[in-house]
Amino acid sequence: MDCPLSSAPAQQEIPAGAIRRPWPQGGFTSAPYWVYSDPAVYAREQQAIFRGKSWHYLGLEAEVPDAGCYKNTYIGEANVLLTRAEDGSLHAMLNRCAHRGNMICREAFGQAEKLHCVYHSWNYNLKGDLTFVAFRNGLRGEGGLPKDFELADHGLQKLRVASIAGVVFATFRADTPPLEEWLGDVADGIRRVCRKPLKVLGYDTQRIHANWKAYHENPRDSYHANILHTFYGTFGLSRQSQESGMVLDASGRHVYFYTKAGTEKASADYKETASALRSHNEGLMLEDPSILKWRDEFGDGISVQILSTYPSFVLHQIANSLATRQLLPKGPGRCDLVWTYFGFADDDAETERMRLVQMNLAGSAGMVSVEDAAVCEMIRRAVGDGAEGESYIRMGGSTLESGGNSKLSERAIRNFWHAYREDMEI
C-alpha cells in the first residue's frame, strides 16, 4: 500500500561524479574489478540502488500472519520493519526512532500492540504514526516540547509496500512503478512457485566474504550450474543437455531460468564437453538416495527454477525444496545471505518431510549451493583491490538481446550490468 513519499531519498547526495574511474570500453560485456571493492562505489549503491527506483524483498506475508506481528530486516544497510496493522494491512518503515535515531525493535520477529522506543518512550502504532511522547507537555510548567509540536509530523519514515503471491516488497521511492509492472514477465515465475498460502519451515543465514554483486551475478548465471555443481551434473537434477529455458523481463533487471530433469537429448558436442567436466563424477554415490526422489507438484516437469530480481532477491525451486534468498550488503567486501525455506499451508506430513530433507540441497552447507559462496570468496581473493583487470561477459553474444532464451548464455549478466550502470550513472 502506498504512503506519501518524496520522489528522491532524503539523504545526502553522493554524486555520480565521485566515481572517477573509467568503465571498460566493452560496456555491459565487461565489469571492471574495482567496482567490487571501491568504497565510493559501495556508498553510492546505498543511495542510487537500494534507496533508488527498485522494489526490495522484505519477507513473506506468512512471517507476519497476525495483527501486531513484525519482522526486523534490511534493505541495503537500512534497518527496516515489516508490520501487520490491526486492520490486516502491511506496512514498512525504518526501524529508527524519529527522536534521536534509536532502534525501535531489537528482536528478529515479534508481536506488539505498539512500537515503543525504550530510550525516551516515543510510541508509534503499527503503521508508523507517532502516538505518544513521554513528558511532551513538560512537568509543573517546566520543560516539554515546543507548543507547535505535532505528533503527525514525527512518525517513522515510511516506505511503499506491495506483495505478490504472499511475497512482500518495499521501495523508498514514490516514483517506482507498481510492483507487478516493475517485475514484468518474471512475475509469472513468482506466481508459479508461490501458488498457494505459504508456511515457513526454517531459516539459514550465511556470511559471504565477497561483494554483494559477486553473489547477485551467480543466480543470474544460468550456465554455471552444470559446470560448477557436482551434485547437479552427477545426479541429473540439472544438466545442459536437458530441456531448459530462460525468461528475462523487458527491462533486463529480472530473470528466471528452468530445467526439466529426465529430458536429456544426446549429442556429440555435449558428450565431449561433459566428459571433461569435474561436475560429472560417476564415482560419487549417495548413502541415502531418497533426497533425489522429487514429485512434480507443479505439473510442468520443471525440476529446478531459479528466479532473481534486481538487485537482491532470489526465489528457488530445487526439486521440492522452496526458498527465498535475501542478499544484504555489509560493506564492500562482505554480504549476508538469508535463506527462508517454506512449503504450503496445506502440505501433508509426507510432503513437509520431503521438503525438510531436500532443504539439504540448498543453504550455506547445501549439497548444491555450497560452491556458490566459495566461488564468490575466491573471486574476491583473486581480484584483490581491483587495481586492474575486468571480466569478459560474452557467452551467447555481446548485446543485451543475444543469447535469446538459452541457458547457455550470459545475457542476464550483461543486462544486470546495463541496469547497474544506468542506476549508478557511471
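**A helix at the C-terminal end of the chain, and the chain around it**

The buried residues of helix H10 (buried being under 20% relative accessible area with a 1.4 Å probe, protein chains only) are Arg 411, Ala 412, Ile 413, Arg 414, Asn 415, Phe 416, Trp 417, Ala 419, Tyr 420, Asp 423 and Met 424. The model is predicted, so local features need pLDDT of at least 70 and side-chain atom pairs count only at pLDDT 80 or more, whereas totals for chains, interfaces and linings use all residues. Residues are numbered from 1 along each chain as its sequence is written, and side-chain values use heavy atoms, with hydrogens and water left out.

H10 spans residues 411-424 and reaches 20 Å from its first C-alpha to its last, close to the 20 Å expected at 1.5 Å a residue, where the expected span is 1.5 Å times one less than the number of residues. Because 11 of its 14 residues are buried, H10 is largely enclosed by the rest of the structure. Its buried residues pack against helices H1 (39-50) and H4 (212-220) and against strands S12 (244-248) and S13 (255-259), a contact being heavy atoms within 4.5 Å. Just after H10, Glu 425 takes a positive phi of about 60°.

The protein chain as a whole has 10 helices and 17 strands, which are DSSP runs (H or I, at least four residues, for helices; E, at least two, for strands) numbered from the N terminus. Of its 426 residues, 53% count as buried, and among contacts between residues at least 6 apart in sequence, 66% join residues at least 24 apart.

Definitions and conventions: Buried < 20%, exposed > 50% of the residue type's maximum accessible area, 1.4 Å probe, protein only.
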